[in-house]
Amino acid sequence: MASRSKQPAPLCLTDLPDEVVLEILSRVDINDAARTSAVSRAWRHRWRHLGSLVFSSGSDGRVDPVSIAQSVLLRHLGEVRKFALVSRYPAPPPPATDDPRLDDLLGHLSHPRHGLLALVLSVPYYKMHSSILSCVKLVKLFIEGCLLPNPTPGFAGLPNLLMLHVRYTSMLKPHLNSGQLDTLGALISRCPRLTKLELIVGVVVPGPGLMLRISAPRLRHVVIESWSSNLMVEFNSPLPVLASAKLRLPLFHYAQEGGFKLLHVLRSISRVEKLELLDGSGSANFADMMPFKIPVTFEKLQYLSTDADLGRAMHIVFLLHIIRSCPNIREIEIKCPVSRRGFQHNFEANQEFWDMHGYGDLFRHLRVMKLIDLYLSCNELDFINLVLSKAQVLEKLSIVHRPGPKSSSLDACVKVMKFKRASPLAQIDYKASSTQ
């Protein structure tokens with residue numbers, strides 16, 4: 001009995017250190033965290049010291065997260081280092097983009113005592129209050145459905161910001177203009193440590209010839225996706241440490257007037273290691289860039305993804321010129337646009353054609369090629385034949401075939417399997433798409 005009495009009592013919830021309790025509470029919904037006050041006296045009001053607060057309206061949008069956030073912040077006692085609010089509540093009708101409740105929240109969070117490090121704000125329709133620009137300790141800023149505030153006089157920037165994500169939604173269309181793009185460009189240029197930038201423009205921006213100028217020399221990762229045919233992006237500073245880039249741009253406009261705008265973008269990202277170059281307009285025509293001259297060498301590029309139309313001769317030639325400027329490319333993925341109209345176009349592209357134009361030496365380091373949504377027209381088959389006959393270290397060729405009403409999956413597969421392979425290790429993975 002004496003030996004048993006000397007054994008320490010088992011640990012219980014009231015014995016946990018403060019940092020462990022706060023870590024537990026940070027992993028549950030804020031409503032559940034508040035209910036833990038009923039567990040014991042030791043847990044009472046511990047949630048009021050949480051450094052990370054997340055509020056969401058849920059999948060059904062029935063909960064008003066703004067009201068809950070207001071109530072919580074009135075009772076909160078500790079520092080708020082991370083704040084996230086995701087609201088799917090119905091937005092006010094245009095042009096009323098101000099929300100006094102959200103203004104109060106941002107004003108509260110911008111107080112120096114919090115030292116806010118990360119802010120996630122996803123609301124359907126809101127112009128942010130300028131107080132957010134005083135959060136100089138911000139490391140991550142993630143905003144969706146919001147308009148950026150105009151810079152206040154004397155705004156020096158966000159010196160510690162590393163990651164910026166901005167998504168413009170369709171409800172912001174009446175307010176997307178050159179002024180908003182200039183505000184975004186000014187914010188980016190005043191974030192000297194910015195290493196990751198994500199910009200999604202999911203709406204057609206009204207007005208002709210809008211330009212977003214980006215100056216961020218320390219960028220390592222950039223994502224710019226625009227479905228607006230009249231929104232152009234220009235890099236005003238070189239990107240010497242860029243590791244990855246995903247650009248969905250209206251190539252139709254970039255390729256005009258000799259393609260100097262497209263060449264400028266390519267020159268700015270020439271140090272990239274992983275590149276996705278996609279056509280946001282869906283109607284790119286490279287006729288103005290003939291004859292193709294791409295005075296850029298992507299020495300570090302090892303992965304390239306694009307949505308070129310392999311059924312159109314000019315698209316193939318442009319793609320080959322891009323590949324020619326990538327001497328160390330290891331993997332290429334091409335997803336052909338399903339809505340393309342040029343898959344029936346044909347041109348003479350035999351072995352002599354490739355060798356005569358210097359395309360026979362493009363794939364000497366290529367190991368993986370992925371071709372998605374091919375109709376396997378004559379041009380596409382010629383391109384596959386070129387890759388198999390020239391890629392001496394190729395390990396895998398993946399093909400996703402989208403059979404037409406008059407084409408046979410079996411016949412196309414047999415044709416591809418008969419092509420000569422320069423690499424003894426080359427394997428062909430053929431799959432017929434079930435989507436017509």
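Which residue of β9 does R213 stand opposite? In this predicted model, the partner is E234. The two residues sit within a pair of strands that is worth a look before turning to the chain as a whole.

R213 falls within β7, the strand that runs over residues 210–214. Its partner strand, β9, covers residues 231–235. The two run parallel to each other, and five bridges link them. As for cover, β7 is mostly tucked away, with four of its five residues buried. In a regular strand, side chains point in turn to one face of the sheet and then to the other.

Stepping back to the overall fold, the protein chain contains 12 helices and 16 strands. It is 436 residues in length, and 49% of them are buried. What share of the contacts between residues at least 6 apart in sequence joins residues at least 24 apart? For the protein chain, that share comes to 68%. On the outside, about 21300 Å² of the chain is exposed, and 54% of this area is supplied by carbon and sulfur atoms.

Inside, the packing leaves one cavity of 30 Å³ or more. The space in the largest cavity comes to about 30 Å³. Its lining brings together L133, L148 and L187 with P149 and P151, and F155 and T183 complete the set. By residue class, that makes six nonpolar residues and one polar, with no charged residue in the lining. The polar one is T183, because Ala, Val, Leu, Ile, Met, Phe, Trp, Tyr, Cys and Pro are the residues that count as nonpolar.

The backbone has a couple of spots that merit a mention, both around strand β14, which spans residues 368–374. D373 belongs to this strand, and its phi is near 65°, a positive value in a residue that is not glycine. Is D373 buried or exposed? With a relative accessible area of 8%, D373 is buried, since the cut-off for that label is under 20%.

A little further along, in the loop that leads from β14 to α11 (378–390), comes L376. Here too phi is positive in a non-glycine residue, with a value near 60°. L376 has a relative accessible area of 10%, so it also counts as buried. Taken together, D373 in β14 and L376 in the loop after that strand each pair a positive phi with a buried position.

Key
Residues numbered from 1 in each chain as written. Predicted model: local features only at pLDDT ≥ 70, side-chain atom pairs only at ≥ 80, totals over all residues. Heavy atoms only, no water. Buried < 20%, exposed > 50% of the residue type's maximum accessible area, 1.4 Å probe, protein only. Pairing = 2+ DSSP bridges. Contact = heavy atoms within 4.5 Å. Areas by Shrake-Rupley, 256 points an atom, 1.4 Å probe, with all protein chains shown as cover. 1 Å grid on protein atoms, 1.4 Å probe; cavity = no way out; pocket = protein on both sides within 12 Å on 5 of 7 lines; lining within 4 Å. Points joined across faces, edges and corners; volume = space filled by probe spheres on them.
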